[in-house]
Amino acid sequence: MRVLILAANGVEDLELYYPYLRLLEEGVDVDVAAPEKGVIKCKYGYQFKVDLSINDVKPEEYDGLILPGGKAPERIRISVSYTHLRAHETSLHLVCRLLLE
């Protein structure tokens, strides 16, 4: 199983770290994507290294999607083109389209 977490600066710390670490503990492959590769700064100052740009995401490779809260959803919505995610409408990825529209 492979899960994608979409994040950006201002993401709620626990909403990013908790599912990320729990999924890793269960043996799930987890990728975190942000508008740009590099380091994002969470709401309360924690930092997270991101190796995948949202534009590089191939939605057909994922079985699940997590959208942590904080300011991340808004920043994703205004900063990147995510049409390639919206075009991939499986039942799992439909959530991404509905939340980002």
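**Figure 1. Asp13 in helix α1.** Asp13 is found in helix α1 of this predicted model. The residue is buried yet has no salt bridge. The nearest side chain of opposite charge belongs to Lys43, 7.3 Å away. A salt bridge needs a side-chain nitrogen within 4 Å of a carboxyl oxygen, so 7.3 Å does not qualify. Asp13 does have a backbone partner: a polar atom of its side chain lies 2.8 Å from the backbone nitrogen of Tyr44. Leaving aside neighbours within four places in sequence, Asp13 is in contact with Cys42, Lys43, Tyr44, Gly45 and Tyr46.

**Figure 2. Tyr17 and Tyr46 as an aromatic pair.** A pair of aromatic rings is described by the distance of the centres and the angle of the planes. Tyr17 and Tyr46 are edge-to-face. Their centres are 6.2 Å apart, with 65° between the planes. Tyr17 sits in helix α1, and Tyr46 in the loop between β3 and β4. The pair links distant parts of the chain, 29 residues apart. Is Tyr46 buried or exposed? Tyr46 is exposed, because its relative accessible area is 55% and the cut-off is over 50%. Tyr17 counts as partly exposed, at 23% relative accessibility.

**Figure 3. Tyr17 and Phe48, and the aromatic cluster.** Tyr17 also pairs with Phe48, again edge-to-face. Here the values are 5.4 Å centre to centre and 70° between the planes. Tyr17 lies in helix α1 and Phe48 in strand β4, so the pair ties together parts that are 31 residues apart in sequence. Phe48 counts as buried because its relative accessibility is 8%, which is under 20%. How many aromatic pairs are there in total? The count comes to three. One aromatic cluster is formed by Tyr17, Tyr20, Tyr46 and Phe48.

**Figure 4. The largest nonpolar core.** In soluble globular proteins, nonpolar side chains tend to be buried together. The largest nonpolar core in this model has 25 residues. Which of them touch the most other members? They are Leu4, Val11, Leu16, Val32, Ala33, Ile40 and Phe48. Several elements each supply at least two residues of this core: β1 (2–6), α1 (13–25), β2, β4 (47–50) and α2 (72–79). Phe48, from the aromatic cluster, is thus also named among these core residues.

**Figure 5. Leu16 and its contacts.** Leu16 is one of the core residues that touch the most other members. Neighbours within four places in sequence are left aside here. Leu16 is then in contact with Ile5, Ala7, Val11, Val32, Ile40, Cys42, Phe48 and Pro68. Among these, Val11, Val32, Ile40 and Phe48 are named with Leu16 in the core list.

**Figure 6. Lys37 in a loop.** Lys37 is found in the loop between β2 (29–34) and β3 (38–41). This lysine is exposed, with a relative accessible area of 55%. Asp51 is 14 residues away from Lys37 along the chain, yet their C-alpha atoms are separated by 5.2 Å. Lys37 touches Val50, Asp51, Leu52, Ser53 and Asp56, not counting residues up to four places away in sequence.

**Figure 7. The chain as a whole.** The protein chain comes to four helices and six strands. Along the sequence the pattern is β-α-β-β-β-β-β-α-α-α. Buried residues make up 41% of its 101 residues. Of the contacts with a separation of 6 or more, 70% join residues 24 or more positions apart.

Notes
Residues numbered from 1 in each chain as written. Predicted model: local features only at pLDDT ≥ 70, side-chain atom pairs only at ≥ 80, totals over all residues. Heavy atoms only, no water. Buried < 20%, exposed > 50% of the residue type's maximum accessible area, 1.4 Å probe, protein only. Contact = heavy atoms within 4.5 Å. Core = buried A, V, L, I, M, F, W, Y, C linked by side-chain atoms within 4.5 Å. Lys, Arg positive; Asp, Glu negative; His and termini not counted. Polar contact = N/O pair within 3.5 Å; in protein donor to acceptor, adjacent residues only side chain to side chain. Phe/Tyr/Trp six-rings, centres within 6.5 Å; stacked < 30°, edge-to-face > 60°.
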